[in-house]
Amino acid sequence: MENFTLRKIAPEDAYEVYSLGALAWINPVDIDKRVAEEKFTPHGGALGLFTENGELAASITEEPFTVNFDGNLVPMNGIAGVSTKPEYRYGGSIRRIFSYILRQSFSRGDVFSALFPFSHKFYRKFGYEVCCPSNKYAIELDMLAPMRLSMPLRRIECGEEAPLLTEIHNSFAKKYNMCVHRTEDRSRNVNRGHTYRDLVNHFVIGDGAYITFKHFESEGRIEVRDWAFTSEKYIPEMLALLGRFSPMMKTAEIYCPMELPLEAYVESTYKITRTVDYGIMSRIVNAQKALELCSIPEGADFTVSVSDDGIPQNNGVWRVRPGSCVRTDAPADLECDIRTLALIVLGTWDLASVSGRPDVRINSNEETLKKTFRRKPVFLNDTF
């Protein structure tokens, strides 16, 4: 492993990238044919660990985002494509890449990082925690069929109306920590898919909501891929639109923030099911910046001791006041590791709810700490 080289993936690495993907994700592919027929353009944030012979042993891809956090827009590092060939697993390949990524992410000024895990246990080793749960609803469409739209409805094609979709989404995203502040290019990318070729529908409702969903005809299922609104008054409108497909489709699946109860908008809760999805993990990259930007009650003044095995700059005791976070030699009112800090800073859970975790110790100033670290809306609806 010492002789392996870590570098950015280049166009000439096409064969190695395709072979890694086939082995890591058990995805059959004619590599020689694909290399000959396709122009390989590596993702700008793709990093690879190469053997002495030039074989790609492992790789990770980074993608920069801007997300909402307590009324601020902050940089977040999205992690994807974490893969290792079987013969190089359990040898520290991913740990080596992650160590480099976390150092670089801190140096760039990122405040958070997020990923979609195959294993919660695995990524907790790198400081990530389950911070962005969401409700996954399955709704029987015949229940929605009687609902009626009261606002103008228009179909658009993928790539159209990007400025409007971006404006609507970013208005919606302000309510939720970790929700992505999109650019117009990002809106086009998220809302891709052709109506007739891909069976993906794109609709704008009134002037303050949109919804994108795909039909899976053989399953009788609609999968809502993206949606946003400027006011909750649009929720019944979106449900009424989905109900119009009840003659052909049986159910619709939609992911919602934990704070948005679709049960309150339907006729019968016997025809709607809700499960909690824990498919996203997040990490604080810069503890000082996260605590400085965290919404804190006026006049609050407390200290937090943070432990972080992945980013040593986060370790130590921090004195926190509204808009301020500095190192201090004072005793810590609260002690926790970087994973718990992410849970309470983002507001996934309040301090009382996680106070029984083994890394948590409340030494003093408990009332102020509990007023500061309270539940807040959290929702990350972009994939990467």
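**Strand pairing, burial and cysteine environment in a predicted model**

In strand S17, the bridge partner of Ser 307 is Asp 337. This pair belongs to a predicted model, in which strand S14, covering residues 302-307, and strand S17, covering residues 334-337, run parallel and are joined by four bridges. Helix H10, formed by residues 338-346, packs on the sheet and touches both S14 and S17, its direction making about 110° with that of S17. The sheet itself is open and consists of five strands in the order S16-S15-S14-S17-S18, with mixed pairing. Its edges are occupied by strand S16 (324-327) and strand S18 (361-362), each of which has a single partner strand, so that one side of each is left without a neighbour in the sheet.

At the level of the whole chain, the secondary structure comes to 12 helices and 18 strands. The radius of gyration is 23 Å, close to the 21 Å that the globule rule gives for 384 residues, so the chain is as compact as a globular protein of that length. Taken along the principal axes, the box filled by the C-alpha atoms is roughly 65 × 60 × 35 Å. Of the 384 residues, 51% count as buried, and the accessible surface comes to about 18,100 Å², with 49% of this area belonging to carbon and sulfur atoms. Among the contacts in the chain with a separation of 6 or more, 72% are accounted for by residues 24 or more positions apart.

A second set of pairings centres on strand S8, which spans residues 200-205 and is mostly covered, six of its six residues being buried. In a regular strand, the side chains alternate between the two faces of the sheet. Both faces of S8 are covered, with Val 200, His 202 and Val 204 buried on one side and Asn 201, Phe 203 and Ile 205 buried on the other. Strand S7, made up of residues 153-156, pairs with S8 in the antiparallel sense over four bridges, and within this pairing the bridge partner of Leu 153 is Ile 205 in S8. Strand S9, made up of residues 209-216, also runs antiparallel to S8, to which it is joined by six bridges; here the bridge partner of Val 200 is Lys 214 in S9. S8 and S9 form a hairpin with three residues between them, and Gly 206, which lies in the turn, has a positive phi of about 55°.

Positive phi values also occur at residues other than glycine. Leu 199 is not a glycine, yet has a positive phi of about 55°; this residue is found in the loop between helix H7 (184-190) and S8. Because its relative accessibility is 35%, Leu 199 counts as partly exposed. Ile 26, likewise not a glycine, has a positive phi of about 50° and is placed in the loop between helix H1 (14-24) and helix H2 (31-37). The relative accessible area of Ile 26 is 74%, and this residue is therefore exposed.

A contrasting environment is given by Asn 135, which is found in strand S6, residues 134-140. With a relative accessibility of 2%, Asn 135 counts as buried. When residues up to four places away in sequence are not counted, Asn 135 touches Ile 254, Tyr 255, Cys 256, Pro 257 and Met 258, together with Arg 274, Thr 275 and Val 276.

The cysteines were examined for covalent pairing. A search of the whole structure finds zero disulfides. Cys 131 is in no disulfide, the nearest cysteine sulfur being that of Cys 132, at 6.1 Å; as a disulfide requires the two sulfur atoms to lie within 2.5 Å, this pair does not qualify. Cys 131 is buried, with a relative accessible area of 0%. Cys 336 is also in no disulfide, and the nearest cysteine sulfur, that of Cys 294, is 12 Å away. At 3% relative accessibility, Cys 336 too counts as buried.

Technical notes. Residues are numbered from 1 along each chain as its sequence is written. This is a predicted model: local features need pLDDT of at least 70, side-chain atom pairs count only at pLDDT 80 or more; totals for chains, interfaces and linings use all residues. Side-chain values use heavy atoms; hydrogens and water are left out. Buried means under 20% relative accessible area, exposed over 50%, partly exposed in between (1.4 Å probe, protein chains only). Helices (H or I, at least four residues) and strands (E, at least two) are DSSP runs, numbered from the N terminus. Two strands pair if DSSP finds at least two bridges between them. Contact means heavy atoms within 4.5 Å. Axes are lines fitted to C-alpha atoms, for helices over the stretch in contact, and angles run from 0 to 180 degrees between N-to-C directions. The radius of gyration is taken over C-alpha atoms; the globule rule is 2.2 Å times the number of residues to the power 0.38. Accessible areas come from the Shrake-Rupley method with a 1.4 Å probe; for residues, only the protein chains shown count as cover.
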